[in-house]
Amino acid sequence: MCTILGAMSQLAVGDYLEDRYRIDRPIARGGMSTVYRCVDERLGREVAAKVMDEKYVDDEVFMSRFTREARAMAQLTHPNLVNVYDFSVHGDHAFLIMELITGGTLRELLAERGPMPPHAATSVMRAVLTGLSVAHAKGMVHRDIKPDNILINGDNRVKLADFGLVRAAADSTHSTDQIVGTVAYLSPEQVNGTEITQASDVYSAGIVLFELLTGETPFSGDTQLTHAFARLNDDVPAPSSKIAGVPKLFDELVATATARDPHDRFSDAGEFLAALDDVAAELNLPAYTVPVPTNSAAHRVAAIPTNMTPPQGADADPAENVTEVVDGPESKTSILENNARDNAETYVFPEADPQPVSPVAPKNETAIFPAAASPRPETQIQHEVPAQQPQQPAPRAEVDTQAPAPETNRSKVTLIVWLVVIAVLTVAVAIGAWWFGSGRYGEIPQVLGMDREQAVTAVADAGFETATEIVYHDSVPVDQSVGTQPPVGGKALPGDVVTVLISQGRPTVPEVPAGIGVEDYRALANERTFEVATGESVYSSGAPVGSIAKTEPEAGTALAMGSTITVAVSKGPEPIAVPDIRGIPQRDAIAQLEDAGLNVGEITEKFDDEIYSGNVISTSPARLSELERGDTVDLVISNAVTVPDVTGWDVEDATSALEEAGLDVGRATRDKDVVSDNANRVTTTDPAPWTNLEPDDADVRLVLPGRVTVPNLEGMRVEDARDQLESIGLKLNRGSRYDDELITTQNTKAGESVSAGTTIRVSSKK
C-alpha cells in the first residue's frame, strides 16, 4: 500500500534563499526535501531548488548525503546529467540549485504509456548509460539507478539525476546489517555487503532496461528485506518470457547486465553502452525521440508562467499545484535494516502519482508504443459568433421543377428562353466548380538533373514563385536538381512557392567539436542523414573523459546517406606505466622515461651493493606505476665504487686503473699457491673484481703470483737473459764478466717454479 509522506515546513512564495533565489512555487515534496521552481534574480533565469527539510539540517547522516550529492554532481558536466549550479546552507535551509527540468521522470512516462518497444527502450538507455559512463570514468558509483532518477526534459533530452548515494568505487563497501538503495533495483553486492563497483550500477541499469521492455521489475517479496534478498538466489528472467516481441539479443543484453556475479557483467556503463549500440545496429533499430510525460508534476508546473517580479503580497497558496510524492515499492530509496528501521528517501526530482500501466500487448501481437501526446491547450472561453456565409447572387427567378406545371397563357417561346438561361447557369456553375477545384492549379514540372539555373527557370515558367534548398544526394551531381517540394507532378496554385532541391552530393562525416558528447554529435550526424554507433572507448590526451575522441571513418569522409559512423568515447589520457629501468645507466634511464612521455624529477645517490656505480637503483613512483603523460619520476642512482677487473694486468697499469676508479690501492700481496710466468702480473684483487664498495671505505689490494715459472735461458746472451728475468720478477747472477757472452747452462731447469725474486744462476762463455 502506498503512503503519502507527511508535509514538511514550507517556504512561502516570494521568500528568498540567500537573498538571490526567489521561491516562485513548489513543484513536489519528497521524504526529506521539497523541490521549488525559483528565479535566480542575479542571472534572471529559472532554476530548481532542492531544499532539505529543516528537521534534517542538524542530522549529520542526511546532511552528509545532501552535501555529497552537490559535490558529486558539480564535478560532472554532461548533457545527459542534471547540471548543478550552487549549494549552500542559509539559516535553517540547506539547498541545492539545479537545472530546471520541465518534463518529468521516466517513472511518469512508464505510468502513462506502459512497456516500450526495443527501439524506444534503446533510446532511453543510450542516454542513461552515456551520462552514467561519465560518472564511472571519474571513479564514482551512483548506487541508485531507477526510473525515478531518470528525467526527461522539455526538449526530450534524457538526463540522469540524484547522486545522493554516490560513492567513490574504492569506498563503496558496507556491512550486511544495512542495505542502501531502492529495493527493486538493488544489485546483489548492495544486499550481501560485498565490494560495490561500477558493475553494481550496471546491474541496476539492467533492471531498468528489463522494466522498460516488460513494464514490471523482476523480483518481489512480502517485505522489503525478502524482496531485496530474492536477487541473491534467482537470475533475472528473460524479458521475452514476460512480453512478446522482445528480440533474443535483448534477452542476452539483460542477462549479461544482471549477472549475479559482478565479474560476469559489463564492467562499467561504457561497456554496457557499446554492447547496446552493437545490438541496435544488428537489429537495425530506428532512431526514436523519447517523449515528454504529459501528466507529470514538472509539466503541470511548467505550464504556469513564472512570476518574474516579486509578489507584493503572498496571497497565493504555496502548496497550490504541488504534488505530494507518493512512494510505491518500485521507487522508494531505502535504508533497510534487520530491525525494520523506518525508510529514508532521497529525491532530485518529484514523482507523480503512479498511473495504471497500459495493458500489455497479446502474446502474438507486436506492442505499439504510441507517439507523444501534444500538450493540452489552456481552456479558453469564447463568444460564439455566427460564421459569415459567402454571399451568392440571388437568382432572378426560381423555377420549381418538382411541382406540376400550372396552366398558363404564356407562349412556348418564353419557356424556351427560360430553359436556355437555366442551361447557361448550369454550365457556368460547372466551369466555376472545375476552376476552383482543380482547373486553376498548375502542374509542377520535372527538373531532375537540371542545373540550378535551368531548374529555377523551369519552375518559374510554370507560373510558380521559386526558392532553393541545398540537400544531400548519393547519385545526383553537385549543383544539379534533385527534385522539388512539393514533389514533381503535383499541383499548386499559380504564384505559390515551389522549392527547388539542389544536390550538394554525398554527405561527409562531420568534424568533432572539442569536448562534444555522443548525443550532441549524434544530432550533428543526423543532420547529414547519418546514424551513430558507439565503439570501444579509447585513451586520448586531447579529448576530455566522456567526449568523443575519434570517429570511424574520419571526419570529412564522404559516405552514402544513412550510413553509420562509429565513435570512440575518450577515457582520458592513457596511463603510462613507469618503465623498469633498474640497473641501467643513468643516461639510458633518462632517455627511456622521456620517450615514454614522462619527465625526470629529482636525482639522488645511494649505496647499493648490487647496482654498479652510475646505474639506477629505483624510481619514485615505483616501476609499473600508472601515470599520466607529463608526470615526473624521481631517480635513485648508485654511488657505489666498483672494483674493476684488472686480472692479468701489469702491476703499474692495474694500480693506475684502480685509482682512477676512486679506490685506494694498498700494498700488493702474493699468493704462494699461485704459479705464473710473470710475478708482476695481477692474478686478482682483494676485494674481488666487480665488488661494490661504499665511497668512504673503498680500499683494495692487488694479489700477485707467489711463484714464477723459470724460462729457458741457454743460448741467450747474458744481457738479454737478465732483462727477461727482471721483467718476470726474477734475478740473474753475474756469472760472467761480459754481457755479450752466451749462457751455456743454468742451475734451475727451465719449467721449474721458484719464488718471486729468486736469483737464477747461469754459466757462460764467449
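Two strands count as a pair here if DSSP finds at least two bridges between them. Keep that in mind for the sheet views, and remember throughout that this is a predicted model.

**View A. Three strands, 26-29-27, make an open sheet with mixed pairing.** The edges belong to strand 26 (599–606) and strand 27 (616–620); each has a single partner strand, so one side of each is left without a neighbour in the sheet. Neighbouring strands in this sheet are turned against each other by 25° on average, with direction ignored. Zoom in on strand 26 and strand 29 (residues 632–638), and you'll find them pairing in the parallel sense over six bridges. Look for Glu 605, whose bridge partner in strand 29 is Ile 637.

**View B. An open sheet of three strands runs in the order 8-10-11, with antiparallel pairing.** Which strands stand at the edges? They are strand 8 (104–105) and strand 11, and since each has a single partner strand, one side of each is left without a neighbour in the sheet. Strand 8 pairs with strand 10 in the antiparallel sense, over two bridges. Here Gly 104 stands opposite Ile 152 of strand 10. While you're in this area, check the loop between strand 10 (150–152) and strand 11 (158–160), which is where Asn 156 is found. Phi of Asn 156 is near 75°, a positive value in a residue other than glycine.

**View C. Helix 7 (residues 248–257) meets helix 8 (residues 269–283), with axes that come within 10 Å and cross at roughly 175°.** Angles over 145 degrees count as roughly antiparallel, and helix 7 and helix 8 are therefore roughly antiparallel to each other. From helix 7, the contact takes in Leu 249, Phe 250, Leu 253 and Ala 257. Helix 8 answers with Phe 272, Ala 275, Leu 276, Val 279, Glu 282 and Leu 283. Sorted by class, that contact has nine nonpolar residues, no polar ones and one charged residue.

**View D. The largest pocket has a volume of about 690 Å³.** It is lined by 29 residues, and the closest to its centre are Ser 123, Arg 126, Tyr 288, Glu 519 and Arg 522. Where does the lining come from? Helix 3 (118–137), helix 8, helix 12 (518–527) and strand 22 (531–534) each supply at least two residues. So helix 8 shows up here as well as in the contact with helix 7 in View C. By class, the lining has 12 nonpolar, nine polar and eight charged residues.

**View E. The peptide bond from Gln 485 to Pro 486 is cis.** Its omega is near 5°. To find Pro 486, go to the loop between strand 19 (481–485) and strand 20 (491–492).

**View F. The peptide bond from Asp 686 to Pro 687 is cis, too.** Omega for this bond is near 5°. Pro 687 is found in the loop between strand 33 (684–686) and strand 34 (692–693).

Notes. Residues numbered from 1 in each chain as written. Predicted model: local features only at pLDDT ≥ 70, side-chain atom pairs only at ≥ 80, totals over all residues. Heavy atoms only, no water. Axes fitted to C-alpha atoms, helices over the stretch in contact; angles between N-to-C directions. Helix = DSSP H or I, 4+ residues; strand = E, 2+ residues; numbered from the N terminus. Parallel < 35°, antiparallel > 145°, perpendicular 65-115°, else oblique. Contact = heavy atoms within 4.5 Å. Nonpolar A, V, L, I, M, F, W, Y, C, P; charged D, E, K, R; others polar. 1 Å grid on protein atoms, 1.4 Å probe; cavity = no way out; pocket = protein on both sides within 12 Å on 5 of 7 lines; lining within 4 Å. Points joined across faces, edges and corners; volume = space filled by probe spheres on them.
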